[in-house]
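Reader: I have just opened this structure and would love a friendly walk through it. Could we take it step by step, with questions as we go?

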Amino acid sequence: MFELIKKDSLILSRSRSDLTELLFMPFILIAILGLALGNLTMTEFNINAFPVAVVHEQTTAESLNNWESELEERGVPSEGVRALVAQAEDVAPGEQVDYLFNSEEIQEWMTVEEYSSAEAAQAALDDGDISGVIIIPEGFNEAVWSALFLEEEGTHALTLEVQNVESVTTDILRSVLTTYANQFNLEASIAIATEGEADTANQQEESYGEVTNLTAADPITSFQYYTIGMGAMFALHTAPALASRAFLEKKQHVFGRLMISGTKPLTYLGSKLVSGTLITFIQLGILFGLSTLIFGTFRGYALNFWIDLSIVSFAFSLVVGSITSLLTSISLYSDSNTSSSFFGGIIVTLFAFIGGSFTPVEQFSESLRALGNWTPNGAMMTSYLQLMQGFSLTEVAPLIIRVIGMTAVLLVTSVVLFPKRRLD
Amino acid sequence: MLETKDLTKVFKKTTAVNQVNIYLEKGESVGLLGPNGAGKSTTISMISTLLPPTSGEVRFNGEDALKHSQRLRKVMGVVPQEIALYEELSAYENMRFFGKVYGLRGKELETRVQDVLELIGLTDRKKDAINTYSGGMKRRINIGVTLLHEPEILIMDEPTVGIDPQSRNYILDMIRTLNREKDITVLYTSHYMEEVEKLCDRVYIMDHGEIIASGTNEELKSILSNEETIQIHVHTLSPAFRDTLSKHGSVRKVTEEGQGYKVIAPKGEDLLGEVFELAKQTKTKITGVAIQTPTLEDVFLHLTGRTLRD
């Protein structure tokens, strides 16, 4: 198999038309689009200031009254009640949500509007006026206080309603809320452990450290956006380029010659998978590397980012490799190159649009983004964008797993379709 | 050594090959002669184990070659009609690639590559990409790649199509050397009867998917032992002259060939005098007359009513 892979790489490297298509074209487009849209950043036309609603089903004063009554009903002495209510006033979880969402850093990302009822917010969400709703339910504050001060177990939770579970905005909201919950728990624990001696106000300055990091990350530049956009699109072109060569091998009886030499049909198909994967990985490496070298696209990112970027790129390369296998199987099965031409001409363009290679599709509709995330390039673009925004590999793992799932399905289909009897 | 039994291939409703029975003995050179579309390439594909037959079988040393394809593939080299090579790569790179695919490694691979390059006369151009080669050179490297693993059986599908006479002669001499000096069994398909006549010990004539005659050159030509071929050259082709000749009771067949007509007639008929008379009647000027020894082309014409190049 190694010889077959080496041969594919060698032939591709000698083909000016393929090199132009797979490396020169995307690089030129990165340069043109990056320079033309040089003043724009992702935050300006994508993530910046998406509208979010916050609904308090109960005010803090009502919560305090309720809790006070509850403590009295339980027979807590009045001194104890006063002390606990005083502590509760310092640690009001509902108010801290407001504090967080009205902070300067968060407002760079989203505009927060308070709604009077969950129904009104849901209607606005359904109409597409807002991207998400955070509901602080009735009894939430009391449940948190009971858990904190009385060490009781409670299950009250914030509710997050979103337009589209797979959008970048949802990821951001989820991340902010998770960080809030973790940070709140930490702060409260410290407050209890120090019996209120720790300076809560100072901690609040530091409390959303992760959120601060998230928002402090540089906005995605047009060079970054189009480097991954064009990389994802032109990487897809590798599959039809290699599959067309496979068809030519059959047409010119090279395939037959290989079969007579003892090469097993599935070894040949496997070589197309590996060639497609390796060539795509190298192609992405060259594009990202050159773009960084010339335009400074990913300059300054830490080693971990590059490792994560490589892992995502490899997963994407795998799916391109499996598309190469599938197109090879179809071409050999149908004795025609139509499938590769159709994929290279129509499907790649369609995928590139839906996946967001030309422009962020969220600006058209969230459902288009959701659909885009079901294309290999769209899923990978979202992963790349999230990595650039400071998300960890674990957080983008669902999309990577999805792409690996696509790889498995495409591979099985290609094996089923591959002609095993007629080899001439 | 290698034989087919009632080999048949049907594509949808078209029978491309119909009950073909051929055999090859070790060291033989066998020709498969027929016009384009006769079913030669399909037959070759089935014998090469690349195309499963609709019915019938291919046997190699008595074994079902389709069931045990690897045994046959190991000792067989197939030269397809197309240039089955990577044209972006050099001759040397192609040779090394296919050599490795055949399992050759290290010094053995290098020696075989150099030997074959020497044999096909391309040592000087080994580093040039195939797409810079002439048609004849491409044909030679196409054959050369097949010889790397020293096959016992060489199956060649029209290996000289579209090349100049000098390259053709080079290739034919090479094949003859391989057959006679290296004892390689050769199955050679062509629609050039001169090639088959020159190279092959035995010939199968194929038309419309069927074997219509077989035997040695002499056996096949003996089909025409009672006939002779008269080649008449004329100043200007005359349909009237042709019609008159066709209607003559002693003429079996008349075909137009170049600047004249080929006439097949029973041996012993004193036809020449009458030919001149008919030419005079139709005001046709004869510029030459030759009585030819029958060729395989004549045999094919006799059997099918068509020429090999029709």
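Reader: To begin, in which helix of chain A is Thr280(A) found?

Author: Happy to start there, with the reminder that this is a predicted model. Chain A has 20 helices and four strands. Among those helices, the one that holds Thr280(A) is α15 of chain A.

Reader: Is Thr280(A) buried or exposed?

Author: A residue counts as buried when its relative accessible area is under 20%. For Thr280(A) the relative accessibility is 0%, so this residue is buried.

Reader: Which residues farther along the sequence does Thr280(A) touch, leaving out those up to four places away?

Author: There is a partner within four places too: a polar atom of the Thr280(A) side chain lies 2.5 Å from the backbone oxygen of Gly276(A). With residues up to four places away set aside, the residues touched by Thr280(A) are Ala235(A), Thr238(A), Ser317(A) and Val320(A).

Reader: Ile286(A) also caught my eye; is it buried, partly exposed or exposed?

Author: Ile286(A) is found in helix α15 of chain A, which covers residues 265-295. Partly exposed is the class between the 20% and 50% cut-offs. The relative accessible area of Ile286(A) is 33%, so this residue is partly exposed.

Reader: About what area does the nonpolar surface patch with Ile286(A) have?

Author: Ile286(A) makes this patch together with Leu278(A), Ile282(A), Leu290(A), Leu293(A) and Ile294(A). For context, the whole accessible surface of chain A comes to about 18400 Å², and 59% of that belongs to carbon and sulfur atoms. The patch itself has an area of about 540 Å².

Reader: Where is Ser357(A) found in chain A?

Author: Two helices frame the spot, α17 (338-355) and α18 (366-372). Ser357(A) is found in the loop between α17 and α18.

Reader: Which backbone oxygen lies 2.8 Å from a polar atom of the Ser357(A) side chain?

Author: Ser357(A) has a relative accessibility of 0%, so this loop residue counts as buried. Its contacts beyond four places in sequence include Tyr225(A), Met233(A), Asn377(A) and Met381(A). The backbone oxygen at 2.8 Å from the side chain's polar atom is that of Gly229(A).

Reader: Moving to the other chain, what share of the residues of chain B count as buried?

Author: Chain B has eleven helices and 15 strands, and its C-alpha atoms fill a box of roughly 75 × 45 × 35 Å along the principal axes. Its accessible surface comes to about 13500 Å², with 47% on carbon and sulfur atoms. Of the 310 residues of chain B, the share that count as buried is 55%.

Reader: About how much area do chain B and chain A bury between them?

Author: The size of an interface is often given as the accessible area lost when the parts come together. Here the contact takes 29 residues from chain B and 25 residues from chain A. Of the area buried between the two chains, 61% is on carbon and sulfur atoms, and the total is about 2500 Å².

Reader: Which three residues supply 26% of the area that chain B buries against chain A?

Author: No other three residues of chain B supply more of this area. The trio is Leu50(B), Tyr86(B) and Glu88(B).

Reader: How many salt bridges are there between chain B and chain A?

Author: One of them joins the side chains of Glu3(A) and Lys100(B), at 3.4 Å from N to O. The two chains also have eleven residue pairs in polar contact. As for salt bridges between chain B and chain A, the count is three.

Reader: Which element gives the most residues to the side of chain B that touches chain A?

Author: The elements that give two or more residues to this side are α2 (69-75), β7 (76-79), α3 (91-101) and α5 (135-147) of chain B. The one that gives the most, with five residues, is α3(B).

Reader: Why is α3(B) described as largely enclosed by the rest of the structure?

Author: Among its buried residues are Tyr92(B), Met95(B), Phe97(B), Phe98(B) and Lys100(B). The buried residues pack against α1 (2-14) and α14 (254-260) of chain A, together with α4 (106-119) and α5 of chain B. α3(B) is largely enclosed because the buried part of its eleven residues comes to nine.

Notes
Residues are numbered from 1 along each chain as its sequence is written. Chains are lettered from A and ligands numbered from 1 in the order in which they are written. This is a predicted model: local features need pLDDT of at least 70, side-chain atom pairs count only at pLDDT 80 or more; totals for chains, interfaces and linings use all residues. Side-chain values use heavy atoms; hydrogens and water are left out. Patches are made of residues with over 30% relative accessible area and no salt bridge: like charges are joined within 9 Å, nonpolar side chains (Val, Leu, Ile, Met, Phe, Trp, Tyr) within 5 Å. Accessible areas come from the Shrake-Rupley method with a 1.4 Å probe; for residues, only the protein chains shown count as cover. A salt bridge is a side-chain nitrogen of Lys or Arg within 4 Å of a carboxyl oxygen of Asp or Glu. Buried means under 20% relative accessible area, exposed over 50%, partly exposed in between (1.4 Å probe, protein chains only). Contact means heavy atoms within 4.5 Å. Buried area is the accessible area (1.4 Å probe) that two parts lose on being put together, summed over both. A polar contact is a pair of N or O atoms within 3.5 Å; within protein, one must be able to donate a hydrogen and the other to accept it, and residues adjacent in sequence count only if both atoms are side-chain atoms.
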